[in-house]
Amino acid sequence: MDFQPLKYIYQSAGNPEASTLLLLHGTGGNENDLIPLAKNFGNNFNILSVRGNVLEQGMPRFFRRLGLGVFDEKDLQFRTHELVSFLKIIAPKEGFDLSKLIALGYSNGANIAGSILLLYPDLLSGAIMFRPMSPYKVLPTCKTEHGTPIFMSSGLHDGMVSPEEIKAYKDTLTKNNFNVELNYLNTGHNLIQDDISMAHDWLKTTF
Ligand code: MLT
């Protein structure tokens, strides 16, 4: 199968030095979803918001799954390479600096962001992952040289993934030199205001 382009929205911050937020929606979302959320982080970031190329009963996703929380890992790898190849094409076309790309993903979007970190450990300059879970049953070796900063927020009552699983995912990333901040919030899989304010503070102190 050949790589397909992804539908996207790009909004420039109008500053050649700006970092770019790569917005990755959850299952059933699209490229419009996370733009209002990203506006909470100020006007200093370019925004690149993409739509997943996979459809599950009409719902866009970034990769196929075999069941709830059971991923088609072969498709996940393919879709990760497809997305990264697309980013490399779109960066010079839209005029943003690929070395200043920060992923911001929710749920399924956080999981493909995690897969980018694992398969391309030095591509992203940071990642915000809301309600992530480990993208692979056995994580590939993924050492980064750069101590890439990662913000994770996880729901204590999330039916998809337990706090222990998230802790194990975090620990593996930390062992591979990622600089992970993991926050547990008193909620389920849905996003709450605390996700946004904590990610806001993390972005401000980290970049
Ligand atoms: C996934 O499939 O990536 C996770 O189960 C979360 C989701 O429902 O999108």
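In the predicted model, an oxygen atom of the ligand lies 2.5 Å from an N or O atom in the side chain of threonine 27, a polar contact being a pair of N or O atoms within 3.5 Å. Taken alone, the ligand exposes 260 Å², of which the protein buries 96%, with areas obtained by the Shrake-Rupley method with a 1.4 Å probe. An oxygen atom of the ligand is also 2.8 Å from an N or O atom in the side chain of arginine 61, and a polar side-chain atom of arginine 65 is 3.0 Å from an oxygen atom of the ligand. Because this is a predicted model, local features need pLDDT of at least 70 and side-chain atom pairs count only at pLDDT 80 or more, whereas totals for chains, interfaces and linings use all residues. Residues are numbered from 1 along each chain as its sequence is written, and side-chain values use heavy atoms, with hydrogens and water left out.

The residues around the ligand, each with a heavy atom within 4 Å of it, include Thr27, Arg61, Arg65, Ser107 and Asn108. By class, this shell comprises four nonpolar, five polar and two charged residues, where Asp, Glu, Lys and Arg count as charged, Ala, Val, Leu, Ile, Met, Phe, Trp, Tyr, Cys and Pro as nonpolar, and the others, Gly among them, as polar.

Serine 107 has a phi near 55°, a positive value in a residue other than glycine, and is buried at a relative accessible area of 11%, buried meaning under 20%, exposed over 50% and partly exposed in between. Asparagine 177, with phi near 80°, is partly exposed at 36% relative accessibility.

Key
Buried < 20%, exposed > 50% of the residue type's maximum accessible area, 1.4 Å probe, protein only. Polar contact = N/O pair within 3.5 Å; in protein donor to acceptor, adjacent residues only side chain to side chain.
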